[in-house]
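The following exercises are to be worked with the sequence and the structure at hand. Each task is followed by a solution in steps.

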There are 2 protein chains.
Amino acid sequence: MAVVPSDPLKPRKTPRQARSTATVAAIFEATFQVLLSDGLVKLTTTRVAERAGVSVGTMYQYFPHKEALLYAVLEQYLYEVVIATEEACVRLEGARLGEMADGLVHAYLEAKLRHMPGSRVLYTVAAELDTDDLIDDIVRRADQAIKRLLASAADAHFDDLPTVTFAVRTILVGTVREVLEKEAPVSSLAMLRAQLPIMCRAYLMAVSRRA
Amino acid sequence: MAVVPSDPLKPRKTPRQARSTATVAAIFEATFQVLLSDGLVKLTTTRVAERAGVSVGTMYQYFPHKEALLYAVLEQYLYEVVIATEEACVRLEGARLGEMADGLVHAYLEAKLRHMPGSRVLYTVAAELDTDDLIDDIVRRADQAIKRLLASAADAHFDDLPTVTFAVRTILVGTVREVLEKEAPVSSLAMLRAQLPIMCRAYLMAVSRRA
DNA sequence: ACCTGAACACCGTTCAAGT
DNA sequence: ACCTGAACACCGTTCAAGT
């Protein structure tokens with residue numbers, strides 16, 4: 001029952017009893033654990049089931065296929081990051097442009113780092129999943145928050161807000177991924193921390209008018 | 001024979017006769033074709049062998065495993081892009097900062113687009129391969145070219161060239177990937193084309209001193 | 001209502017036999 | 001020297017049988 005045809009990556013059925021709720025939680029947690037310890041390539045359904053303490057059959061009762069397991073983990077992670085970003089945008093409303101750039105960069109970067117080393121593996125997970133709809137949703141939320149933020153700037157005005165919003169979000173997400181995804185982000189992370197706010201500030205100044 | 005232990009993703013043996021040289025070329029081409037038509041998930045060794053007109057056994061004589069096939073295709077693609085970038089850097093040497101930003105962005109973006117739609121699939125390929133060494137090499141080449149370019153700017157000087165080089169390369173690669181990787185880059189591609197030069201120019205101005 | 005695990009289809013890889 | 005393809009191990013998924 002309760003197969004969701006519009007989104008086959010969603011859990012197959014909603015648990016109705018306490019026992020199965022715990023089962024789903026255990027499977028979810030096991031997926032993440034196996035992902036962190038063994039990596040995506042070595043993540044097999046058998047291994048996840050073992051770690052969760054259930055049989056493969058049980059797993060397939062709640063998740064229609066392997067990808068649904070990964071999708072669930074990725075989804076939760078992305079929601080946490082976008083929520084942190086939204087909160088930062090609200091907090092920074094009405095600030096000056098420089099503070100906005102610094103605050104936004106800081107909030108996004110810290111949200112990503114808070115979930116390290118999950119962030120790293122999850123880039124590989126996202127790459128082999130059909131995430132178009134999920135990403136669209138996340139991007140829409142992020143863009144809405146950033147747009148609102150930029151529109152509220154105390155000392156600047158933007159003629160083409162949608163374009164600037166797109167650009168800022170793309171710099172943020174693109175550069176952070178580029179750094180976190182790689183093996184040894186020790187020194188590059190420090191550089192990113194220092195340069196990303198400068199990039200954003202410089203770009204925002206360049207495309208805004210004093211108000 | 002001729003297994004390369006330092007890099008197990010490399011071809012297993014060097015062809016010594018015309019027949020096998022053609023075989024390797026056919027396998028290489030078939031890999032790329034299957035990748036484009038069927039996508040990474042549906043790319044199986046059998047399918048590639050079929051398309052190449054050889055048996056699986058023959059394929060395994062030249063490529064030690066499936067990943068070696070993908071690695072070869074990715075490697076060639078990355079080399080082409082980095083060469084285009086290097087050439088642009090040489091061409092722009094001694095120019096003014098604004099022209100440099102525009103020229104570099106244009107060259108990199110066009111190199112990526114020239115290989116579309118290969119670019120899109122290859123992001124997914126890179127994600128599930130051990131590409132650390134390959135990427136390190138590419139990044140080193142790109143950074144060297146960009147560093148030389150920036151140092152030659154007619155109207156600007158940089159105090160911390162390594163950091164600025166890192167930042168420019170990260171913006172470039174990160175934002176372009178962010179856009180090309182997605183499903184429908186029609187309008188976002190136009191925005192990227194317009195905003196990326198502005199970003200780079202604004203950043204470079206911000207971290208440089210007039211000379 | 002929930003769980004089990006043997007059974008099936010399919011894929012990556014090998015190797016004995018061919019030319 | 002190069003090629004073939006049946007055979008093997010392993011993984012994702014199902015389903016008849018259990019509680």
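**Exercise 1: The surface near DNA strand C**

DNA strand C is surrounded by 20 residues, the closest being Thr23(A), Ser55(A), Gly57(A), Thr45(B) and Tyr60(B). Here a residue is near a strand if one of its heavy atoms lies within 4 Å of it. The model is predicted: local features need pLDDT of at least 70, side-chain atom pairs count only at pLDDT 80 or more, and totals for chains, interfaces and linings use all residues. Residues are numbered from 1 along each chain as its sequence is written, chains are lettered from A and ligands numbered from 1 in the order in which they are written, and side-chain values use heavy atoms, with hydrogens and water left out.

*Task.* Determine which parts of DNA strand C come within 4 Å of the protein, and identify the helix that gives the most to the surface near this strand.

*Solution.*

Step 1. Sugar and phosphate make up 74% of the atoms of DNA strand C that come within 4 Å of the protein.

Step 2. Examine polar contacts (pairs of N or O atoms within 3.5 Å; within protein, one must be able to donate a hydrogen and the other to accept it, and residues adjacent in sequence count only if both atoms are side-chain atoms). A polar backbone atom of Ser55(A) is 2.7 Å from a phosphate oxygen of DNA strand C. A polar side-chain atom of Tyr62(A) lies 3.0 Å from a phosphate oxygen of this strand, whereas a backbone N or O atom of Gly57(A) lies 3.4 Å from a base oxygen.

Step 3. Helices (DSSP runs of H or I, at least four residues) and strands (runs of E, at least two) are numbered from the N terminus. With four residues, helix 3 of chain A gives the most to the surface near DNA strand C.

**Exercise 2: The surface near DNA strand D**

*Task.* State which residues are closest to DNA strand D, and how the residues near this strand divide by class.

*Solution.*

Step 1. Of the 20 residues that surround DNA strand D, the closest are Thr45(A), Tyr60(A), Thr23(B), Ser55(B) and Gly57(B). Sugar and phosphate account for 75% of the atoms of this strand within 4 Å of the protein.

Step 2. Backbone N or O atoms take part here: one of Lys66(A) lies 2.9 Å from a phosphate oxygen of DNA strand D, and one of Ser55(B) lies 2.7 Å from a phosphate oxygen.

Step 3. Helix 3 of chain B gives the most to this surface, with four residues.

Step 4. Count Ala, Val, Leu, Ile, Met, Phe, Trp, Tyr, Cys and Pro as nonpolar, Asp, Glu, Lys and Arg as charged, and the others, Gly among them, as polar. The surface then has five nonpolar, eleven polar and four charged residues.

**Exercise 3: The two protein chains**

*Task.* Find the turn that lays chain B on chain A, and state how much of helix 8 of chain A is buried.

*Solution.*

Step 1. Superpose the copies by least squares on the C-alpha atoms of residues with pLDDT of at least 70 in both. A turn of 180° and a shift of 0.0 Å along the axis lay chain B on chain A with an RMSD of 0.0 Å. This is the relation of a two-fold axis.

Step 2. In chain B, the C-alpha of Gly174(B) is nearest the axis, at 2.0 Å.

Step 3. Helix 8 of chain A comprises residues 161-180. Of its 20 residues, 18 are buried (under 20% relative accessible area, with a 1.4 Å probe and protein chains only).

Terms used. Expected span 1.5 Å × (residues − 1). Buried < 20%, exposed > 50% of the residue type's maximum accessible area, 1.4 Å probe, protein only.
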